[in-house]
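Let's walk through this structure together, one feature after another. Take a look at the sequence and the model first, and then read on.

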Number of protein chains: 2
Amino acid sequence: MTDVARLAGVSHQTVSRVLNDHPNVRERTRLRVQAAIAELGYRPNHAARALVTGRSRTFGVVAQNSTLYGPASLLAAFEEAAAEARFSVSVASVSSLDRQSISGAVQRHRDQQVAGIVVIAPVTWANDAIDQLPPDVPLVTIDGDPNRNEPLVTVDQVAGARIATQCLLDAGHRTVWHVSGPDGWFDSAGRIQGWRDMLEAAGAEVPPPLSADWTAAAGYRAGQMLARMADVTAVFTANDHLALGVLRALHEHGRKVPDDISIVGFDDVPEAGFYIPPLTTVRPDFAGVARTSLQLLLAQIEEGGRRSERHTIAPTLVERDSVARAPARTRVKRRAEGTPAAG
Amino acid sequence: MTDVARLAGVSHQTVSRVLNDHPNVRERTRLRVQAAIAELGYRPNHAARALVTGRSRTFGVVAQNSTLYGPASLLAAFEEAAAEARFSVSVASVSSLDRQSISGAVQRHRDQQVAGIVVIAPVTWANDAIDQLPPDVPLVTIDGDPNRNEPLVTVDQVAGARIATQCLLDAGHRTVWHVSGPDGWFDSAGRIQGWRDMLEAAGAEVPPPLSADWTAAAGYRAGQMLARMADVTAVFTANDHLALGVLRALHEHGRKVPDDISIVGFDDVPEAGFYIPPLTTVRPDFAGVARTSLQLLLAQIEEGGRRSERHTIAPTLVERDSVARAPARTRVKRRAEGTPAAG
DNA sequence: GGCAATAATGAGAACGTGCGCAATCCCGCG
DNA sequence: CGCGGGATTGCGCACGTTCTCATTATTGCC
């Protein structure tokens with residue numbers, strides 16, 4: 001920086017001002033400095049900057065080390081949004097989302113003087129870890145507890161489950177079964193709630209949810225049960241991979257999808273359109289979640305305080321071929337929330 | 001640090017020595033210092049350290065911003081390996097792998113004083129970008145050009161394609177068709193080469209490869225062609241999602257898998273076992289690639305020079321239900337490389 | 001017990017930047 | 001022409017470490 005200053009015939013302080021877009025720099029001076037910067041190929045030293053300001057231009061992300069589609073997409077989307085705001089992203093993955101792991105990862109990020117932290121914490125047992133986080137660093141929780149009073153951005157699980165369920169009810173199905181995600185995940189809970197709400201609102205019977213995890217294997221096991229139950233005509237699974245497992249189980253049992261049983265998934269993984277049959281599913285807006293999270297972080301940085309806002313991002317339904325009219329013998333007449341049932 | 005020094009009754013310099021495991025510190029002193037550190041909850045400032053040493057304890061990863069299974073798994077695996085060595089990982093994703101994007105991302109990482117850079121650059125047009133990279137920072141290329149003289153770690157694409165092809169030939173198929181990845185990807189090229197090698201070694205006809213990208217949609221299109229060609233009995237697809245698309249196309253055309261046509265994929269995505277039918281596929285060792293990359297980086301840091309080593313990590317075949325004996329009318333007797341053909 | 005060698009410690013200067021404050025410059029107005 | 005005030009610029013310090021070099025404590029050996 002000293003070299004640049006010398007070449008431009010100014011002090012290092014003026015160079016610093018040019019770099020930080022300070023208002024009080026004469027246009028002529030600014031140009032001279034910028035020319036010197038370009039000529040010398042000067043690049044500011046982030047470490048020095050972080051040292052003196054106590055804050056770097058980096059966001060830390062804490063996520064469970066998994067290649068689950070949701071978290072991976074979220075991470076990629078957030079990285080993209082951050083890059084646009086000229087922030088970089090540092091990742092600290094944790095093997096499990098318990099208190100110790102999370103606070104350890106957060107601690108590591110604070111040691112790096114990050115400008116803010118994103119915790120992708122979709123499980124209940126991450127709650128008390130987040131409670132204990134020091135309040136002096138901007139923080140956003142993604143897919144965390146929707147009832148907490150912390151800055152939170154989340155896919156609207158409930159709304160997603162509602163539109164999925166409604167789509168099936170609208171097709172004339174008497175009720176909708178549900179293969180749920182693992183216990184303790186807010187995603188699971190929200191999707192169960194939306195599904196149950198919708199069923200109750202429509203006056204439909206609420207069958208017991210089949211509890212699974214997020215894997216196709218669990219979906220397969222659930223599917224083997226569903227296939228044996230003659231009165232099942234519609235299933236909403238908590239994600240697409242579960243749906244894939246269910247599809248295979250039904251296939252093996254000779255139950256046709258969608259002729260005998262209709263299915264709706266959640267996530268819209270890129271391959272969902274090529275399952276057999278192509279899967280109707282709910283598409284969360286990961287990019288929207290990422291953008292909102294970033295803005296919330298930026299706002300906290302600017303204001304210096306933590307913002308207890310909750311943002312839920314609405315997902316959309318992607319209709320493909322895995323939903324059909326209910327078989328005639330089970331069909332019911334229904335109208336759901338203003339949407340007249342077809343046929 | 002000064003506080004710690006005062007509390008322990010030593011100079012700040014001694015505290016620094018304790019932190020860096022310098023040999024010349026008396027045991028008694030070390031314990032006193034450590035006690036002081038614990039009592040004060042002191043944590044070293046990474047920015048200051050980076051400033052004076054010119055190097056941080058962070059690795060930078062450059063990857064294309066995608067949720068492709070391969071890159072995402074690689075990233076997760078590398079992050080895990082790095083965390084174990086107490087390094088953190090910073091991600092700079094690029095929208096496309098052209099020269100400008102890559103060198104920009106690398107530049108950003110260098111600005112952050114990273115200890116080393118990992119470039120996940122599976123395409124030919126990334127080559128000259130990597131050529132131009134400054135040699136003063138440890139670098140490893142993952143899935144880059146296998147013919148370049150740079151530190152490189154890669155999944156052994158050729159070997160993977162060979163075992164996939166061999167598996168099909170061993171089942172008695174006269175030849176094996178191939179749905180390839182996009183042009184310009186080393187993954188595609190390596191898989192084509194392994195497939196062709198194996199076919200030629202076995203004296204089988206080499207049909208023209210069907211060129212696609214990595215999506216299920218492209219696989220579906222390829223599958224529609226394959227389904228129409230009566231003499232196709234075995235297909236090796238460049239990844240699992242392509243295989244999924246092919247499976248659906250074949251299903252729609254009434255071609256049974258594996259009875260009429262056998263299929264082998266590549267990647268072993270978690271759901272592959274639940275495709276219809278469960279997919280036989282090649283599983284790359286992402287964790288192995290990540291570990292090797294990390295070691296290569298660490299070695300370069302230690303030695304201070306760049307190491308031009310190439311490491312290829314062997315994948316394994318995961319046999320499931322998508323491969324069957326060739327239909328009798330097309331079957332050939334064959335023995336491939338010492339493996340007696342069954343039946 | 002004394003001397004040399006070695007181990008252990010300390011003092012002070014960097015590293016490259018931003019901040020507060022003082023100094024200077026420029027402009028317009030009376 | 002002089003003066004006030006805002007715009008611009010410069011000076012020196014501080015951030016928290018590690019590095020080099022000098023100094024002091026300890027040990028082994030005769």
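In chain B of this predicted model, the axes of H2(B) and helix H3 (residues 27-40) come within 10 Å of each other and cross at roughly 95°. An angle from 65 to 115 degrees counts as roughly perpendicular, so H2(B) is roughly perpendicular to H3(B). From H2(B), the residues that make this contact are Thr14(B), Val15(B) and Val18(B), while H3(B) brings Thr29(B), Arg30(B), Val33(B) and Gln34(B). By class, the contact of H2(B) with H3(B) has three nonpolar residues, three polar ones and one charged one.

Now follow the protein to the DNA. Which residues come nearest to DNA strand C? There are 24 residues around this strand, and Met1(A), Ser16(A), Asn45(A), Val10(B) and Thr29(B) are the nearest of them. Thr29(B) is thus a residue you have already met, in the contact between H2(B) and H3(B). Helices H2 (12-19) and H4 (46-53) of chain A, along with helices H2 (12-19) and H4 (46-53) of chain B, each give at least two residues to the surface near DNA strand C. H4(A) has the largest share there, with five residues. Sorted by class, the surface near DNA strand C holds eleven nonpolar, eleven polar and two charged residues.

Next, turn to DNA strand D. Around it lie 23 residues, of which Val10(A), Thr29(A), Met1(B), Ser16(B) and Asn45(B) come nearest. The elements that supply two or more residues to the surface near DNA strand D are H2 and H4 of chain A and H2 and H4 of chain B. Here H4(B) gives the most, namely five residues. This surface is made up of ten nonpolar, eleven polar and two charged residues.

How are the two protein chains related to each other? A turn of 180° with a shift of 0.0 Å along the axis lays chain B on chain A with an RMSD of 0.2 Å, and that is the relation of a two-fold axis. Within chain B, Ser90(B) has the C-alpha nearest the axis, 2.1 Å from it. Both copies use the same surface, since 100% of the contact residues of chain B recur in chain A.

Keep an eye on Ser90(B) as you look at where the chains meet. Strand E2 (residues 88-94) of chain A pairs with E2(B) in the antiparallel sense, over three bridges. In this pairing, Ser90(A) has Ser90(B) as its bridge partner. The contact as a whole takes 40 residues from chain A and 40 residues from chain B. On the chain B side, at least two residues each come from H4, helix H5 (69-84), strand E2 (88-94), helix H6 (99-111), helix H10 (216-228) and helix H11 (240-252). That side divides into 17 nonpolar, 16 polar and seven charged residues.

Finally, a few details of the backbone are worth a visit. In chain A, the peptide bond from Ile276(A) to Pro277(A) is cis, with omega near -5°. Pro277(A) sits in the loop between strand E9 (262-266) and strand E10 (280-283). Asp267(A) is also placed in the loop between E9 and E10 of chain A, and its phi is near 130°, a positive value in a residue other than glycine. In chain B, the peptide bond from Val257(B) to Pro258(B) is cis, with omega near 10°. Pro258(B) lies in the loop between H11 and strand E9 (262-266) of chain B.

Terms used
Residues are numbered from 1 along each chain as its sequence is written. Chains are lettered from A and ligands numbered from 1 in the order in which they are written. This is a predicted model: local features need pLDDT of at least 70, side-chain atom pairs count only at pLDDT 80 or more; totals for chains, interfaces and linings use all residues. A residue is near a molecule or strand if its C-beta atom, placed from the backbone, lies within 6 Å of it. Helices (H or I, at least four residues) and strands (E, at least two) are DSSP runs, numbered from the N terminus. Ala, Val, Leu, Ile, Met, Phe, Trp, Tyr, Cys and Pro count as nonpolar, Asp, Glu, Lys and Arg as charged, and the others, Gly among them, as polar. Two residues are in contact if their C-beta atoms, placed from the backbone, lie within 7 Å. Two strands pair if DSSP finds at least two bridges between them. Axes are lines fitted to C-alpha atoms, for helices over the stretch in contact, and angles run from 0 to 180 degrees between N-to-C directions. Angles under 35 degrees count as roughly parallel, over 145 as roughly antiparallel, 65 to 115 as roughly perpendicular and the rest as oblique. Copies are superposed by least squares on the C-alpha atoms of residues with pLDDT of at least 70 in both.
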